[in-house]
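Let's take a walk through a protein model together. Keep the picture open and follow along as we go from one spot to the next.

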Amino acid sequence: MPPPSPPHLLERETELETLAGLLRAARTGTGRLVVVAGPPGVGKTRLLAAVRARASGMTVLTARGH
C-alpha cells in the first residue's frame, strides 16, 4: 500500500523545506529535535502530517498533549 499523499498546504514552503532538510540530515545519522509551536488553528497538525508523509522508510513517533 503506498504512503498517503501529503495534505495540501498554502504558503508553507519555507517551513516544509526546513523540515525536509532536517529529514535529509536524519537519514544520514544527524538527528535533531524539532518543536512546532503556534496558536490554535494555524496549521501545525497539517504541517506535521506533510512532514510525516515525507519520512517514508523512517520510524516516526508522535504524541499529543492536552
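**Starting at R12**

Setting aside the residues within four places of it in sequence, R12 is in contact with V42, G43 and L47. Before we go further, keep in mind that this is a predicted model.

Where along the chain is R12? It belongs to the segment before α1, the helix that covers 13-27. Now look at what its side chain is doing: it reaches the backbone oxygen of V42 at 2.4 Å. So V42 turns up twice, because a contact just means heavy atoms within 4.5 Å, and V42 is also on the contact list of R12.

Here's a curious thing about R12: it is buried, yet it has no salt bridge. Which side chain of opposite charge is nearest to R12? That's E15, and it is 4.1 Å away. A salt bridge needs a side-chain nitrogen of Lys or Arg within 4 Å of a carboxyl oxygen of Asp or Glu, so a pair at 4.1 Å doesn't make the cut.

Let's step back for a moment and take in the whole protein. It has two helices and zero strands. There are 66 residues, and 17% of them count as buried. The protein exposes about 5500 Å², with carbon and sulfur atoms supplying 57% of that area. Take the contacts between residues at least 6 apart in sequence: 71% of them join residues at least 24 apart.

Next, the inside. The largest nonpolar core is made of eight residues: L9, L16, L19, L23, L47, A50, V51 and A55. Both α1 and α2 (44-54) chip in, each with at least two residues of this core. You've already met one of the core members, L47, as a contact of R12.

Zoom in on A50, which sits in helix α2. Is A50 buried or exposed? With a relative accessible area of 3%, it is buried, because the cut-off for that label is under 20%. A50 and L9 are 41 residues apart in sequence, but their C-alpha atoms are 8.3 Å apart in space. Both of these residues are listed in the core.

A55 is another core residue, and it leads us towards the end of the chain. Not counting residues up to four places away in sequence, A55 touches L23, R27 and V60. Follow that last one: V60 is in the segment after α2. With the same kind of neighbours left out, V60 touches R52 and A55. V60 has a relative accessible area of 38%, so it counts as partly exposed.

Now for the charged side chains. How many salt bridges are there? The count comes to one. The partners are E17 and R24, whose side chains meet at 3.0 Å, N to O. The two side chains are also joined by a polar contact of 3.0 Å. Is this pair tucked away? E17 is partly exposed, because its relative accessibility is 45%. R24 is partly exposed too, at 47% relative accessibility.

One last look at E17, which is in helix α1. Its C-alpha atom is separated by 9.7 Å from that of V51, a residue 34 places apart from E17 along the chain. And V51, as you may remember, is one of the residues of the largest nonpolar core.

Conventions. Residues numbered from 1 in each chain as written. Predicted model: local features only at pLDDT ≥ 70, side-chain atom pairs only at ≥ 80, totals over all residues. Heavy atoms only, no water. Helix = DSSP H or I, 4+ residues; strand = E, 2+ residues; numbered from the N terminus. Buried < 20%, exposed > 50% of the residue type's maximum accessible area, 1.4 Å probe, protein only. Areas by Shrake-Rupley, 256 points an atom, 1.4 Å probe, with all protein chains shown as cover. Lys, Arg positive; Asp, Glu negative; His and termini not counted. Polar contact = N/O pair within 3.5 Å; in protein donor to acceptor, adjacent residues only side chain to side chain. Core = buried A, V, L, I, M, F, W, Y, C linked by side-chain atoms within 4.5 Å.
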